[in-house]
Amino acid sequence: MPERSPRPSRSRPPAASAARAKAEAIFERLAAARPDPHTELVYRDPFTLLVAVVLSAQATDASVNKATPALFAVAPTPQAMLALGEEGIREKIQTIGLYRSKAKNLAELCRTLVEEYGGRVPREREALEKLPGVGRKTANVVLNEAFGEPTIAVDTHVFRVANRTGLAPGKTPLEVEKKLHEVVPECFRKGAHHWLVLHGRYVCTARKPACPSCPIRDLCDHYARTVATAGGDAPAGKGGKGS
Ligand code: SF4
């Protein structure tokens, strides 16, 4: 009887296949609950999205959405916001945390957009990340939401959910982002950030995750650990690592 030929070296090791299968199952359920997820920030075009995302650093989307209508009413374009100036911007966003440094960054950001990009938001990651106040997370959100790229921005919610569930454990946002790209099936990548953010915001919250009613609890490492040690559902208030 002829010997079986060895498996092709490109085949996935069992652990990688299991991680992808788990990711697929998680996103099938999250997608079923929210078929068309989007950011909760209110915006009208790539520029206003970029501004809203810059303003949302260490602030809630709700607080940003309260301030931006008045800001965008007078400054809907980089040119108009540049004309409004740092002081004018500061006045409009003073209900948002870190408003002084954000106003300064936005004034400079608008100057760069006007002087170097003809008033348009660039759609290249490198160019976005060079803008004042824009880091990898903000660039990922803009590339995804405004330009339809399958980027996965890792914010505090994504970081927490990825670690708790064991979907993509990592010590830094970049590590988590890279692991998510390895395990999330292509068809779910465009919405992955939104599904994880919304799950972290409304179900897998930092202080009191709603484990008993969580739709992915049977796929979650934290739930398995808690059930194994406590013999029941996760007790309220024990959020696990990554919170
Ligand atoms: S089971 Fe609990 S810890 Fe796991 S994802 Fe759901 S809410 Fe979060």
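The paragraphs below lead through a predicted model, starting at the ligand, passing to a pair of helices and ending at helix α7.

Around the ligand stand 14 residues, and among these Cys204, Pro209, Cys211, Cys214 and Cys220 come nearest. Sorted by character, the shell consists of 10 nonpolar, 2 polar and 2 charged residues. Helices contribute to this shell as well, since α8 (156-165) and α11 (221-230) each supply at least two of its residues.

Helix α8, which takes part in the ligand shell, also meets α10. Two packed helices are described by the angle between their axes and the distance between the axes. For α8 and α10, the axes come within 8 Å of each other and cross at roughly 85°, which means that α8 lies roughly perpendicular to α10. On the α8 side the contact is made by His157, Val158, Arg160, Val161 and Ala162, while α10 brings His193, Leu196, Val197, His199, Gly200 and Arg201 to meet them. The residues of this contact divide into 5 nonpolar, 4 polar and 2 charged.

Helix α10 (186-202) appears again in the surroundings of α7, where, together with α2 (46-55), α6 (125-129) and α9 (173-183), it is included in what covers the buried residues. How many of the 10 residues of helix α7 are buried? In α7, which spans residues 136-145, the number is 8, and the helix is therefore largely enclosed by the rest of the structure. The buried residues of α7 are Lys137, Thr138, Ala139, Asn140, Val141, Val142, Asn144 and Glu145, a list in which Lys137 and Glu145 count as charged.

Conventions: Residues are numbered from 1 along each chain as its sequence is written. This is a predicted model: local features need pLDDT of at least 70, side-chain atom pairs count only at pLDDT 80 or more; totals for chains, interfaces and linings use all residues. A residue is near a molecule or strand if its C-beta atom, placed from the backbone, lies within 6 Å of it. Helices (H or I, at least four residues) and strands (E, at least two) are DSSP runs, numbered from the N terminus. A residue is buried if 20 or more other C-beta atoms lie within 10 Å of its own, exposed if 12 or fewer, and partly exposed in between; C-beta atoms are placed from the backbone. Two residues are in contact if their C-beta atoms, placed from the backbone, lie within 7 Å. Axes are lines fitted to C-alpha atoms, for helices over the stretch in contact, and angles run from 0 to 180 degrees between N-to-C directions. Angles under 35 degrees count as roughly parallel, over 145 as roughly antiparallel, 65 to 115 as roughly perpendicular and the rest as oblique.
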